[in-house]
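Q: Could you go through this structure with me, one piece at a time? I'd like to begin with a single residue and then move outward.

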Protein chains: 2
Amino acid sequence: MLTERQLLILQVIIDDFIRSGQPVGSRTLSKKHEIALSSATIRNEMADLEELGYIEKTHVSSGRVPSEKGYRYYVDHLLSPQRLTKEDIQKIKSIFAERIYELEKVVQKSAQILSDLTNYTSIALGPAVKENKLKRIQIIPLNQQTAVAIIVTDTGHVENHVITVPASVNPSDLEKMVNILNERLIGVPLIDLKDKIYKEVADVLRKHIHNYDSMLKTIVETLDIPQEEKMFFAGKTNMLNQPEFSDIQKIRPLMKMIEQEKDFYRLLRKHNRKGIQVTIGRENQLSGMENCSLITATYSIGDEQLGTIAILGPTRMEYSRAITILNRVASDLSTVLTKWYQNS
Amino acid sequence: MLTERQLLILQVIIDDFIRSGQPVGSRTLSKKHEIALSSATIRNEMADLEELGYIEKTHVSSGRVPSEKGYRYYVDHLLSPQRLTKEDIQKIKSIFAERIYELEKVVQKSAQILSDLTNYTSIALGPAVKENKLKRIQIIPLNQQTAVAIIVTDTGHVENHVITVPASVNPSDLEKMVNILNERLIGVPLIDLKDKIYKEVADVLRKHIHNYDSMLKTIVETLDIPQEEKMFFAGKTNMLNQPEFSDIQKIRPLMKMIEQEKDFYRLLRKHNRKGIQVTIGRENQLSGMENCSLITATYSIGDEQLGTIAILGPTRMEYSRAITILNRVASDLSTVLTKWYQNS
DNA sequence: TGTTAGCACTCAAATACACCGAGTGCTAAA
DNA sequence: TTTAGCACTCGGTGTATTTGAGTGCTAACA
């Protein structure tokens, strides 16, 4: 167990390192007015902190830098709460000022403001489309062989793709089918559509539609909806501004990962616990992210959790500020989404 | 006017520099078997080429590197034609192997293959949606105040957004309006929609629709279609692999530009002349692109030009290979689009 | 017993210096 | 016109040397 004094020293070391990026020495600390000790005393305490694994040296006679364990302790117990400036609060509010009707745009804007305010990279995982309920199916013929299938959900989300229509299918049958599908399927969550079709609608269709069999493919194609949530990035290149990544070798794998996006999709999917979560350095278990930390929060409509928004920065990150901002954005976002979309 | 020998030397210098990235000295050149001259003779020729502005020294006793003028001459007159390997041709063909129904996806895939084959960044400017012709307008009410407006074009492109519906508008009127709009506007290019509405459809609407005035806003919102062509990037981080950008300072502005995309939108818009166009270094007139070259080509359906695809690389770029590949992709793309979409 | 002053020690970073080698331009001879 | 030869330049590399910020340890002090 750490003493009060060790906690104070650990906190000041990490605060200073986060600010300066330079290893912190005992003399630097002794000059701080919150610590009234000689450098020698501090050296003794630092030696203990190092033995316990909270801080490290970069070489034998260097100052100390926080270890991952140190950051972990800092984030869990030592964060000095930050107040946002009026301007920051104002900026956050401004994105919700005008009523935006596309849910995904609001989420995207939230990611944008996060990266603007923090100068880190921000990622938002959108709501799962597959949970949405069907509002309308529409099939619009383009020519002999092709048509556009459009699916509208209760949240106003539109999915569309071009499908092939067998030559044997005539337009009036197509229309009849769409009508039946609409009658029977409105209100069904997208993910359950196929199931429902086979169990309940197939019989009806077979009875009423001429060549049901040749149409089957069209139906399946129509309901083929991407299962993945959309993801929005903002400030993808902000990592280039971090001095720890001034070496291009270090940043290349990270930028590649950010460009490809898919690793982050998996990562964020896992981060669906309510509240702020911080993963530090190798806790992320992704090579390329050894020197990064990820802070995540979830947002919701009412009690229903919709998605995750996150801030990605270097391990030497302004945790306090980032957490405060993320918290604020996530809660404002949830509030406004609840107001706009609940039971609408 | 350059002599045959100067041309040969210039070409070999640039070829070598593109390959190695190192300044090329007279002794290196004299050892090449296509040049049977002593280093001293070559030095004299190089001095002349430098005076004429085709090559430069990095410091007083360094070898020579091509100047922008040198690259320009090289691209215009000295390119040694390259043959693509069978694998390359195969890869290009593979993207067009299966019939893809979404036009934009084909374009996006083309950009992807370009960056895969060249290891440079690739950009594709999609076809202008506004030129497409209207196939169907659809308005689907979500709740009391909002509805989804969907516009389908003859190419199968779908535009959608959520609109507000005044409380005074009743559903049957909405439906009637949509019917009238569809009757009168199908086949009209999207860009002309508004014009046509005011000139020809407004009167009809006023006659048949109850509260035409309060509905006006809804109509305008519905037809509010983004005018900009979509743009697709591939290999956004490939520039990080180029040794000339190993200094993070040099690449930061460029990556920022690539992230933001809009500068490239303007740039590609201007590059709509048929055939291959190469702009070298500062010819691009964009700060951040001093050390980059852009190669563009257009693609088309039949005689109608649709858009531009481009390769962005360092000025020290494999022009010959890049041009050959781009040419091939652009022409294959045009061929296949023509086959698939002309008069469909 | 906890704190501190003092001291020897370490190591990264900066500075200085010599030297190598790849390059140049110029001159004079072939 | 070409080439051999030579003096010169300059970036890069290797080796000392110095500097300074840091450490750990010890002994004296309150």
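Q: Is D88(B) buried or exposed?
A: In this predicted model, D88(B) counts as buried, because its relative accessibility is 8% and the limit for that class is under 20%.

Q: Where is D88(B) placed in chain B?
A: D88(B) sits in helix α5 of chain B, the helix that covers residues 86-95.

Q: And what is D88(B) in contact with, leaving aside its neighbours within four places in sequence?
A: Once those neighbours are set aside, D88(B) is in contact with L117(B) and R321(B).

Q: OK, let's change topic to the two protein chains. How many residues does the contact take from each of them?
A: The contact takes 38 residues from chain A and 38 residues from chain B.

Q: How much area do chain A and chain B bury between them?
A: Chain A and chain B bury about 3200 Å² between them, and 62% of that area is on carbon and sulfur atoms. On the side of chain A, the three residues that supply more than any other three are Y101(A), L240(A) and I248(A), which together give 17% of the area that chain A buries against chain B.

Q: How many salt bridges does the rule find across that interface?
A: The rule finds 0 salt bridges across the interface of chain A and chain B, while the count of residue pairs in polar contact between the two chains, with both residues at pLDDT 80 or more, is 14.

Q: Which elements of chain A give two or more residues to the side that touches chain B?
A: They are three strands and a helix of chain A, namely β4 (134-141), β5 (146-153), β6 (158-164) and α10 (248-260). Of these, α10(A) gives the most to the side of chain A that touches chain B, with 6 residues.

Q: What does that side look like by class?
A: The side of chain A that touches chain B has 15 nonpolar, 15 polar and 8 charged residues.

Q: Now the DNA. How many residues surround DNA strand C, and which are the closest?
A: DNA strand C is surrounded by 21 residues, and the closest are R5(A), T41(A) and S61(A) from chain A, with S26(B) and R64(B) from chain B. Of the atoms of DNA strand C that come within 4 Å of the protein, 75% belong to sugar and phosphate.

Q: Which side chains have a polar atom by a base of DNA strand C?
A: Examples include S61(A), which has a polar side-chain atom 2.5 Å from a base oxygen of DNA strand C, and R43(A), where an N or O atom of the side chain is 3.2 Å from a base oxygen of that strand. From chain B, R43(B) places a polar side-chain atom 3.1 Å from a base nitrogen of DNA strand C.

Q: Which elements give two or more residues to the surface near DNA strand C?
A: Those elements are α3 (39-51) of chain A, together with α2 (26-31) and α3 (39-51) of chain B. The most comes from α3(A), with 4 residues, and by class the surface near DNA strand C has 5 nonpolar, 11 polar and 5 charged residues.

Q: And DNA strand D, which residues come nearest there?
A: Of the 22 residues around DNA strand D, the nearest are S26(A), R64(A), R5(B), T41(B) and S61(B). Sugar and phosphate make up 72% of the atoms of DNA strand D that come within 4 Å of the protein.

Q: What do the side chains of R64(A), T41(B) and S61(B) come close to on that strand?
A: R64(A) has a polar side-chain atom 3.0 Å from a phosphate oxygen of DNA strand D, and T41(B) has a side-chain N or O atom 2.7 Å from a phosphate oxygen of the strand. For S61(B), a side-chain N or O atom is 2.5 Å from a base oxygen of DNA strand D.

Q: Which element has the largest share of the surface near DNA strand D?
A: The largest share, 4 residues, comes from α3(B), and the residues of the surface near DNA strand D divide into 6 nonpolar, 11 polar and 5 charged.

Q: One last thing: what is the phi of E261(A), and where does that residue lie?
A: E261(A) has a positive phi of about 75° although it is not a glycine, and E261(A) lies in the loop between α10 and α11 (262-270) of chain A.

Notes: Residues numbered from 1 in each chain as written. Chains lettered and ligands numbered in written order. Predicted model: local features only at pLDDT ≥ 70, side-chain atom pairs only at ≥ 80, totals over all residues. Heavy atoms only, no water. Contact = heavy atoms within 4.5 Å. Buried area = accessible area lost by both parts, 1.4 Å probe. Salt bridge = Lys/Arg side-chain N within 4 Å of Asp/Glu carboxyl O. Polar contact = N/O pair within 3.5 Å; in protein donor to acceptor, adjacent residues only side chain to side chain. Nonpolar A, V, L, I, M, F, W, Y, C, P; charged D, E, K, R; others polar. Near = heavy atom within 4 Å. Buried < 20%, exposed > 50% of the residue type's maximum accessible area, 1.4 Å probe, protein only.
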